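Here are my notes for you, written as numbered points. Keep the structure open and look up each residue as you read.

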Amino acid sequence: MSKRKRILLSLGLVMVMLVLSACGNTAPITSESTGFWDGVVIYNFSRFIIFLSELFNNNYGVGIIIFTAIIRVILIPLNYFQTKSTQKMQKVQPQIKELQEKYASKDTQTRELLQAEISRVYSDNGVNPYAGCLPAVVQMPVMIALYQAISRTEVLSEGSFLWMNLGESDPYFILPVLAAILTFFTTKLTTMSQPQGGGQAKAMMYTMPAMILFVGISLPSALSLYWVVSNAFSVGQTLIMNNPYKIISEREAEERAQKERAKALEKAKKPKKKRRK
């Protein structure tokens, strides 16, 4: 999947989340709520956050933080799979670039040949171009459910944490700004390890934080708190599982080794000058 498509998909997920959140049922969530979404998903989210909060003297902000950490721990295998998929995608990029240069014509037949060849390269190398989107797809319903669990559960919507009412937006915009900054660093760390960042990657680095900031300002601070904790977790997880500084260092070392081998090979090919007697 191209970087442009990943950007559009990410923005689409945010917009879908907004639409679903705004258009969802606003009836209070209680033990009498019915249906799979209200009676199972949102109700159990609500009860679990309340249970975690009660462990800390009914501190609902702490409950949301622990809830977020648990969700991120559960998603570790999925993120590990995404990391491996991204690494495979990076390895085949030189082959993809060669194919794009070979089939540079814009006519329909050539474009179809290009897509067929790219699909073959993906298949031969075990690459799933859509695997990188799985964590975002999984987290979207979690964010929607969290938003509705907060807004539709009276004790949570009226709960407070630090300077905020969890059911209302952050009056000082501190959490939305932190969420945007951490989103920027998460995206930056992810794109740093890519051999060629490109304009699309840079656009995503700035577009996603802007979207998170815009959404965080208008939605309950509980969701911004979720984003802050989730993205802070992502930064740490990336540095551990897919450290871009380590990857860049190893890549530079490999490039230096290749240059040294090329120089040695070139030197070996040169004819030796005969000494004069």
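**Notes on the fold and a few residues**

1. Start with the order of the elements: from the N terminus on, the protein chain runs α-α-α-α-α-α-α-β-β-α-α-α-α. That makes eleven helices and two strands in the protein chain. Keep in mind that you're looking at a predicted model.

2. Now for the chain as a whole. It has 277 residues, and 39% of them count as buried. The exposed area of the protein chain comes to about 16600 Å², with carbon and sulfur atoms supplying 60% of that. Take the contacts between residues at least 6 apart in sequence: 74% of them join residues at least 24 apart.

3. Have a look at how two of the helices meet. Helix α3 covers residues 60–74 and helix α4 covers residues 76–102; their axes come within 4 Å and cross at roughly 50°. An angle that is neither under 35 degrees, nor over 145, nor from 65 to 115 counts as oblique, so α3 and α4 are oblique to each other. On the α3 side the contact is made by Arg72, Val73 and Ile74, and on the α4 side by Ile76, Pro77 and Asn79. Sorted by class, that contact has four nonpolar residues, one polar and one charged.

4. How many salt bridges does a search of the whole structure find? The search turns up two. In one, the side chains of Arg152 and Asp38 meet, with 2.9 Å from N to O. Arg152 sits in the loop between α6 (134–151) and α7 (154–157), while Asp38 belongs to helix α2 (residues 35–54), so this pair, 114 residues apart, links distant parts of the chain. Both partners are tucked away, given that buried means under 20% relative accessible area: Arg152 counts as buried because its relative accessibility is 5%, and Asp38 is buried at 13%.

5. The side chains of Glu117 and Arg120 also meet in a salt bridge, again with 2.9 Å from N to O. Here the partners are three residues apart in helix α5 (residues 108–124), so about one helical turn separates them. Glu117 is partly exposed, with a relative accessible area of 22%. Arg120 is partly exposed too, at 40%.

6. Is Ser221 buried or exposed? Ser221 counts as buried, because its relative accessibility is 0%. You'll find Ser221 in helix α10, which spans residues 221–241. Leaving out residues up to four places away in sequence, Ser221 touches Met164, Asn165, Leu166, Glu168, Ser169, Asp170 and Leu175. Gly167 is worth finding as well: the C-alpha atoms of Ser221 and Gly167 are separated by 6.6 Å, though the two residues are 54 apart along the chain.

7. Stay in helix α10 for Val235. Val235 counts as buried, since its relative accessibility is 17% and the cut-off for buried is under 20%. Which residues does Val235 touch, not counting those up to four places away in sequence? They are Leu182, Phe185, Thr186 and Leu189. The C-alpha atoms of Val235 and Lys188 are 9.7 Å apart, with their positions 47 residues apart along the chain.

8. Next, a quick check on backbone angles. Most residues other than glycine have a negative phi. Asn57 has a positive phi of about 60° although it is not a glycine. Asn57 is found in the loop between α2 and α3. With a relative accessible area of 70%, Asn57 is exposed, as exposed means over 50%.

9. Phe173 goes on your list of backbone angles too: its phi is positive, about 60°, and it is not a glycine. Look for Phe173 in the loop between β2 (164–165) and α8 (174–192). Phe173 counts as partly exposed, because its relative accessibility is 39%.

Conventions
Residues numbered from 1 in each chain as written. Predicted model: local features only at pLDDT ≥ 70, side-chain atom pairs only at ≥ 80, totals over all residues. Heavy atoms only, no water. Axes fitted to C-alpha atoms, helices over the stretch in contact; angles between N-to-C directions. Contact = heavy atoms within 4.5 Å. Nonpolar A, V, L, I, M, F, W, Y, C, P; charged D, E, K, R; others polar. Buried < 20%, exposed > 50% of the residue type's maximum accessible area, 1.4 Å probe, protein only. Areas by Shrake-Rupley, 256 points an atom, 1.4 Å probe, with all protein chains shown as cover. Salt bridge = Lys/Arg side-chain N within 4 Å of Asp/Glu carboxyl O.
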